[in-house]
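Trainee: Could you take me slowly through one part of this model, the way its helices pack, and then show me what else belongs beside that picture? I would like the terms explained as they come up.

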Amino acid sequence: MIEIKHLTKKFETGDATVIAVNDISLKIPEGQFISITGRSGSGKSTLLYQLGLLDHPTSGEVWIDGILATELSENDQTRMRLHALGYIFQDYAILPSLTALENVMVPLLMQGIDDKTARKKAEHALSRVGLGDRIGYLPSQLSGGQQQRVSIARAIGHDPKIVFADEPTANLDSETSRTVLEAFLELNKEGQTIVMVTHEAEYAALTDRIIELSDGKLISDVLN
Amino acid sequence: MPKRPGLLEKWSTDIMVGMFLAKRELKRANKWTTSLIVFVMLLTFLNLVVVSGILVGLIQGSLDQNKKFSTGDVIVSSFLNRSKIDNSQETIKIIEHVPGLRAYSARYTGSGTLQANYRDVLLKDEQPNSVGALIAGIDPIKEDTVTNISSLIVEGSYLEPTDSDSIVAGSFLFRKYNKNEFPGLTTLKDVPLGSRLLLTIGENSKEYTLKGILKSKVGEVDGKIFMLDSELRKLTGRTDYNVNEIAISLVPGTDPAVAKQALIEAGVDKNGRVQTAAEAIPQFLDQIKTTFGLLGNAISAIGLVVAAITIFIVIFVNAITRRRFIGILKGIGIAPRAIIISYIIQSLLYAIIGAGLGILLVFLFLKPFFDLHPIDFPFSDGILVATIDGTAIRTGILLLATIVAGYIPARIVIRQNTLSAILGR
């Protein structure tokens, strides 16, 4: 379970202070598929980065599975990201010098899993997203949708408790977007907690819960 | 979260992941860029080993020739306060039984004046055509066995055991070979082979035929007159058989220090000084060798800094351009140390390949080449001095510099904020 308490993130831009996330508190139970929506600049991605321990909040707390994650050291946060969290970025963020298989293998190897097992798990994760026949391809040899699916496979390959997805369909056509969403729904059916940032109401409607931000503030929290 | 791994487990995982990333980066890197970096490392290695090796080799070549044509492997000479080796014949008997002996040559030495055209009447203020020189009285066969001196003859021929009427002289004594003439340091002018020359030692003079001229790059040899030992004894009126020096040549592979020790244990050191060729090096040559060694190390150090900066720039540019991907790696939980290790492995590999190629080039080509074709310097035949130990140390230094040069830029980039790196802010 994720719990955030009075989370605030401010940015200093010259003389002005921008409050990107403004005193948000919420709880996300295990196994929930939640979407964070809002207009551009509403603070949804910033909130996701704080939840996913990619950035430090100005104030407030993030609790993940009973651990006060915001108080962890840099190294322990890295370990938590490795073992408990998975990320899917808007522009896929897969490593260009690694094949699809190797991209998925890296976090597994970092967990101390041996090469053979890591390879097997990575192949399985790629098969789950329909890329079983593309494991040896470099990112440059894959389409945008396929790259995003590699990114999903990497995020789920090490069986994290929570998957964070930042506008995962933003750069995809509608058909590929639907495929990606279907993959998320399937993962969620298997018990995966998913936190997805999206500005598309159609996709948000498919999730268990929709929260909406405006100017960094939580303005609605609706269960579907 | 699983239990925190032990230190060893953590390091081994970081190294494994670092190697995994480095291997792929290198495999898919631009081949031209990789070749260029390896080439720079090769040049650096050559700069480290060859430049200093040749500088030291200039002097080493001179020392080797001094040993080959003058001192032999071990030399017994008179004490500084004595003119001859005491009990020389007894000493020679001991030398004949020294382990590893190949040959020896006992020399009588002295100094005198050699004069050409001495029958001509000198005009007013005209200087005689003469030169002062050291003289060695030798057994020509034994001397040649030790020093192969006959191979140095550039004009005429070497002495025969019956050549009591002849001398062979070093090239420094002739204007034809030695243009440097200073007040008090003259040379013989226009003296063809077969000329009759007057040799004067002290009060005694005798006429000899110039049978040959020899030329080496050893001042000790090129400034000397060689004649039969019996003749020198006669000319100097020596009645004893005490010689001035005995050059000893050992069977290849024999340690001169062992032979020296055997001579000392047999009591030779009571009659004269016993020195290995290395110990008999003139002090100024030893100092030049040390100075050249230092100079070589200084040049090598500059080369090393240049190589370290090159690696630093390469890794820094690589890490900066991949800043986003470093951010992603950190974002998905890859330990910063594993990422740093991947960069260190990459830079180490460049250095290992460069140094490996350098080692092959030095030991399979350059060293044998310079041994066969030494660099022709006026005072020596320069060789390339590259020992296994010295090369191993220099390779180690290069690899160490590379590790540091790979670590620092990777560390700088790794320390940046993860999210800023991912978003390219």
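**Helix packing in chain B, and beyond**

Mentor: H8(B) and H10(B) are oblique to each other, a word kept for angles that fall outside the other classes, where under 35 degrees counts as roughly parallel, over 145 as roughly antiparallel and 65 to 115 as roughly perpendicular. Please keep in mind that this is a predicted model, in which local features need a pLDDT of at least 70 and side-chain atom pairs count only at pLDDT 80 or more, while totals for chains, interfaces and linings use all residues. Residues are numbered from 1 along each chain as its sequence is written, and chains are lettered from A and ligands numbered from 1 in the order in which they are written.

The angle behind that first description is about 140°, found between H8(B) (residues 283–321) and H10(B) (residues 336–372), whose axes lie 11 Å apart. Here the axes are lines fitted to C-alpha atoms, for helices over the stretch in contact, and angles run from 0 to 180 degrees between N-to-C directions. The helices (H or I, at least four residues) and strands (E, at least two) are DSSP runs numbered from the N terminus. The crossing of H8(B) past H10(B) is right-handed, which is the case when the near helix is turned clockwise from the far one by less than a right angle, anticlockwise being left-handed. On the H8(B) side the contact is made by B:Ile311, B:Ile315 and B:Ala319, and on the H10(B) side by B:Tyr343, B:Ser347 and B:Tyr350, two residues being in contact if their C-beta atoms, placed from the backbone, lie within 7 Å. Sorted by class, this contact holds five nonpolar residues, one polar residue and no charged residues. In that sorting Ala, Val, Leu, Ile, Met, Phe, Trp, Tyr, Cys and Pro are nonpolar, Asp, Glu, Lys and Arg are charged, and the others, Gly among them, are polar.

H10(B) also packs against H11(B) (residues 388–414), and there the axes come within 8 Å and cross at roughly 150°, so H10(B) is roughly antiparallel to H11(B). The crossing of H10(B) and H11(B) is again right-handed. Among the residues that make this contact are B:Ile339, B:Tyr343, B:Ser347, B:Ala351 and B:Ile359 of H10(B), and B:Leu398, B:Thr402, B:Gly406 and B:Ala410 of H11(B). By class, the contact of H10(B) with H11(B) has 17 nonpolar, six polar and one charged residues.

It helps to place these helices within the chain. Chain B is divided into domain 1 (7–65 + 285–423) and domain 2 (73–276), with bounds that come from an automatic or database domain assignment. The C-alpha centres of the two domains are 51 Å apart.

Chain B also touches chain A, in a contact that takes 23 residues from chain B and 22 from chain A. On the side of chain B, H1(B) (7–27), H9(B) (323–331) and H12(B) (418–423) each supply at least two residues, and the largest share, seven residues, comes from H1(B). That side of chain B has 14 nonpolar, four polar and five charged residues.

For contrast, consider the strands of chain A. An open sheet of four strands runs in the order E2-E1-E4-E5 with antiparallel pairing, two strands counting as paired if DSSP finds at least two bridges between them. E2(A) (16–28) and E5(A) (67–68) stand at the edges with a single partner strand each, so one side of each lacks a neighbour in the sheet. Nine bridges join E1(A) to E2(A), with A:Phe11 opposite A:Val18 in E2(A); in the two-residue hairpin between these strands, A:Gly14 takes a positive phi near 65°. E1(A) (residues 2–13) is joined to E4(A) (residues 59–64) by five bridges, and in E4(A) A:Ile4 has A:Val62 as its bridge partner and A:Lys5 has A:Glu61. E4(A) and E5(A) pair over two bridges, and A:Asp65, in their hairpin, takes a positive phi near 50°.

A second open sheet in chain A has six strands in the order E6-E7-E8-E3-E9-E10, with mixed pairing. Its edge strands are E6(A) (85–88) and E10(A) (217–223). Helix H6(A) (residues 174–189) lies across E3(A) (33–38), E7(A) (162–166) and E8(A) (193–197), at about 150° to E8(A).
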